[in-house]
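Hi everyone, thanks for coming. Have the sequence and the structure open in front of you, and let's walk through them together.

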Amino acid sequence: MRVLVVPASAPVAKKVEGYLDEQQVEVVKAETPEQAIESAGKTKPCAIVAVDGRTKHKTVDAAKLARKLRADGRGTPMLVVNTTDAQE
């Protein structure tokens with residue numbers, strides 16, 4: 001099983017990745033929404049976890065990412081983890 005993780009917040013993404021590793025799930029990481037779209041086509045994940053939010057380093061807009069993936073014909077299930085209130 002392969003899951004694509006798109007992080008906005010490194011600490012939250014590490015927790016998600018750690019949990020998936022414990023469950024013996026292969027984690028593929030995309031640093032940007034653009035990379036996620038490209039990677040989803042290449043790696044064919046069974047799900048996508050988007051860590052939605054804005055930090056001082058980057059922004060991930062999960063709704064925008066989902067729209068782009070759907071427009072490209074990818075119906076991959078997506079879980080959104082919101083980090084709006086998270087601190088880095």
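Let's start with Thr 43, which sits in helix H2. Please keep in mind that this is a predicted model. Is Thr 43 buried or exposed? Its relative accessible area is 19%, and the cut-off for buried is under 20%, so Thr 43 counts as buried. Leaving out residues up to four places away in sequence, Thr 43 touches Arg 2 and Val 28.

Thr 43 has company in this helix. The buried residues of H2 are Pro 33, Ala 36, Ile 37, Ser 39, Ala 40 and Thr 43. And just after H2 comes Lys 44, which takes a positive phi of about 50°.

Now pick out another name from that group, Ile 37, also in helix H2. Ile 37 has a relative accessible area of 15%, so it is buried too. Which residues does Ile 37 contact, if we leave aside neighbours within four places in sequence? They are Leu 65, Lys 68, Leu 69, Asp 72 and Arg 74. You can also look at Ala 66: it is 29 residues away from Ile 37 along the chain, yet their C-alpha atoms are separated by 9.4 Å.

That brings us to a pair of helices. Two packed helices are described by the angle between their axes and the distance between those axes. For H2 and H3, the axes come within 10 Å and cross at roughly 30°. Because of that angle, H2 is roughly parallel to H3. On the H2 side, the contact is made by Pro 33, Glu 34, Ala 36, Ile 37 and Ala 40, and on the H3 side by Leu 65, Lys 68 and Leu 69. The crossing of H2 past H3 is right-handed.

Next, the nonpolar cores. How many residues does the largest one have? It has 14, and those with the most contacts inside it are Leu 4, Val 6, Ala 36, Ile 48, Leu 65 and Leu 69. The elements giving two or more residues to this core are strand E1 (2-6), helix H2 (33-43), strand E3 (47-54) and helix H3 (62-71). There is a second, separate core of 6 residues, and Val 3, Val 16, Val 25 and Val 49 are among them.

Take Leu 4 as an example from the largest core. Not counting residues up to four places away in sequence, Leu 4 touches ten names you can click through: Val 28, Lys 29, Ala 30, Ala 36, Ser 39, Ala 40, Pro 45, Ala 47, Ile 48 and Val 49.

One more residue, this time from a loop. Thr 76 lies between H3 and strand E5 (78-82). With a relative accessible area of 14%, Thr 76 is buried. Beyond its neighbours within four places in sequence, Thr 76 is in contact with Pro 45, Cys 46, Ala 47, Ile 48 and Arg 70.

Let's zoom out to finish. The protein has 3 helices and 5 strands, and along the sequence they follow the pattern β-α-β-α-β-β-α-β. Of its 88 residues, 40% count as buried. Among contacts with a separation of 6 or more, 74% are between residues 24 or more positions apart.

And the confidence? The mean pLDDT is 83, with 89% of residues reaching 70 or more. Among the elements, strand E2 (residues 26-29) has the highest mean pLDDT, 94, and strand E4 (residues 59-60) the lowest, 72.

How values were computed. Residues numbered from 1 in each chain as written. Predicted model: local features only at pLDDT ≥ 70, side-chain atom pairs only at ≥ 80, totals over all residues. Heavy atoms only, no water. Core = buried A, V, L, I, M, F, W, Y, C linked by side-chain atoms within 4.5 Å. Buried < 20%, exposed > 50% of the residue type's maximum accessible area, 1.4 Å probe, protein only. Helix = DSSP H or I, 4+ residues; strand = E, 2+ residues; numbered from the N terminus. Contact = heavy atoms within 4.5 Å. pLDDT = per-residue confidence, 0-100. Axes fitted to C-alpha atoms, helices over the stretch in contact; angles between N-to-C directions. Parallel < 35°, antiparallel > 145°, perpendicular 65-115°, else oblique. Left-handed = near helix turned anticlockwise from the far one by under 90°.
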